[in-house]
There are 2 protein chains.
Amino acid sequence: MKKYCFGADIGGTTVKLGLFDTEGNVLDKWEIKTYTENEGTAILPDIAAAILTKIEERKLNLEEIAGIGVGVPGPVSIDGIVPHTANLGWGYKEVTRELSERTGLPCKAGNDANVAALGEMWMGGAKGHKDVLLLTLGTGVGGGIIINGKILTGAHGAGGEVGHIHVEDNIEEHCGCGNQGCLEQFASATGIARLGREELAKSDEPSLLREGEVTAKAVFDALKAGDTLAERVVERFGKYLGTAISIMAGVLDPEVIVIGGGVSKAGEILLDYVRKYYRPYVYKSSRDTEFALAQLGNDAGIYGCAKLVLD
Amino acid sequence: MKKYCFGADIGGTTVKLGLFDTEGNVLDKWEIKTYTENEGTAILPDIAAAILTKIEERKLNLEEIAGIGVGVPGPVSIDGIVPHTANLGWGYKEVTRELSERTGLPCKAGNDANVAALGEMWMGGAKGHKDVLLLTLGTGVGGGIIINGKILTGAHGAGGEVGHIHVEDNIEEHCGCGNQGCLEQFASATGIARLGREELAKSDEPSLLREGEVTAKAVFDALKAGDTLAERVVERFGKYLGTAISIMAGVLDPEVIVIGGGVSKAGEILLDYVRKYYRPYVYKSSRDTEFALAQLGNDAGIYGCAKLVLD
């Protein structure tokens, strides 16, 4: 009878770790540094050591541990193989095999945005659902898709990479991915700030945004204070994101659409502007599909990792 | 040991029926008329009678029949329940329960475009793959998505309804679904013909398209004969469809993208124009994803229906 599982969400600077019971309660939560030096060879040994230490500390019985789920910031195959992950220094790496050998526990791996979606489904904003579209609006735009309770991995581990869908022909700047006109260029924190600067440059109209650094947070704060220029910025953001989500819903027909990441701290008002452009464009079957804010914040990953090994 | 299965693909004018062995070989294929009068109450009894007659004719052993798969031109839930299907006259209907009671055989049901995708995966253009995006370009644009060998049904039975994703803001005409700017308005046979008429009205430039009725077939025939006006029409079609598929691939990351329906009879040249706009816009992981033409034509549905009951 399994009672516990571990989640390890690997980021570029820290690895978040969590010990859960099989009901989804977090029993312990901690972080270790991610050492990316020497092609990131220390990362998996460090995770294995951290987990084995925790097992000893808490005197857990190995028989009662379902395993370790791992979130990786890049594509991962269904077999837990990573072709390369630039920001961890990794080339080809058999993540689950190596971690399993080092701990003696079953391991599963998933892309970080996908496991975050699984976490929100298990214990967060999409709890009770099994067809979920999650968008994470942070420095970039990430996405995770759950179909019938399972992660949509995709043929090249790029399922749900919706930050790079094409939404605008008229743009000179390139996205980090090399393409032009990606959703990420308009709906990420960076993208919203850029839209803000563009709108400021168009006129001398007074705006709260002229008073400090133009950030996504400043744009939403100004909107809430009644700033008309900030409202135009959020309208543009809403049109790009709402239309893009209407297309994703046309493909997937999800039960619930969850928005997370730093930008989602703006709250319900963000969903209002997204829905405004979602509803007129989406196919009628999905017109009333529920929108929700993510609830687990930076912990979504460790929840999803833990859930991975329970499935 | 099961040896046989039946497929019944219900259309607005005929029901296509097929008897298959479990290896995917078609043993018999026939059609009956679809009687939509009296809220379509005769449709399922007619199908049941046709199949029972066939079983008797061929002296099949009921024990050896895996069941009957049914394709419905509208949304169907995973339990085989149809909320309504306008073009069959149906209101709420428990399709699989009724057909199962009338035949004594296990039944499963799916949306017609989705089962067509399953058919192409089993024995057609996507054979050997398990993550498939199928687009059917006919009078309208239909779609079917297979993830890990299973149909993506969606929360409201509208998974893969990609004909109605929004691709153009500047259009006055409404789509049949009520929205404006749907993919179907540009990439269906009707949509291509409309683009053709638009292009003809813009100038007096000589074109083969001025010589008869402007149809999708006429446009592709003129393109193959070197007609420059027809080429501009196909460029516009290719940009709408190629960009839209790049977005779908950004969401799904499929192994193969299959194009079927009457328009696909134009052949490889159609794929060339679609790929031209797909490749620069799609996320890098999916840049070299295979495109294929559908191979089963109007039989894709009965193949997919039969496969439904084998899974």
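The following exchange discusses the contact between two chains, the domains of chain A and a sheet of chain B in a predicted model.

In this predicted model, local features need pLDDT of at least 70 and side-chain atom pairs count only at pLDDT 80 or more, while totals for chains, interfaces and linings use all residues. Residues are numbered from 1 along each chain as its sequence is written, and chains are lettered from A and ligands numbered from 1 in the order in which they are written.

Colleague: Which helix of chain A gives the most to the side that touches chain B?

Modeller: Two residues are in contact if their C-beta atoms, placed from the backbone, lie within 7 Å. By this rule, 33 residues from chain A and 33 residues from chain B take part. Helices are DSSP runs of H or I with at least four residues, and strands are runs of E with at least two, numbered from the N terminus. With 7 residues (helix residues 228-252), the one that gives the most is α8 of chain A.

Colleague: What relation holds between chain A and chain B?

Modeller: The copies are superposed by least squares on the C-alpha atoms of residues with pLDDT of at least 70 in both. A turn of 180 degrees and a shift of 0.0 Å along the axis lay chain A on chain B with an RMSD of 0.0 Å. That is the relation of a two-fold axis.

Colleague: Which residue of chain A has the C-alpha nearest the axis?

Modeller: The turn about this axis is 180 degrees. The nearest C-alpha in chain A lies 3.7 Å from the axis and belongs to A:Met248.

Colleague: Which element gives the most to the side of domain 1 of chain A that touches domain 2 of chain A?

Modeller: The bounds, from an automatic or database domain assignment, are 4-121 + 299-310 for domain 1 and 128-294 for domain 2. In chain A, 14 residues of domain 1 are in contact with 18 residues of domain 2. The elements giving two or more residues to the domain 1 side are β7 (107-111) and α4 (112-123) of chain A. With 7 residues, the one that gives the most is α4(A).

Colleague: Which are the edge strands of the open sheet of 5 strands in chain B?

Modeller: Two strands pair if DSSP finds at least two bridges between them. The sheet has the order β3-β2-β1-β4-β7 in chain B, with mixed pairing. Each edge strand pairs on one side only, and the two are β3 (26-33) and β7 (107-111) of chain B.
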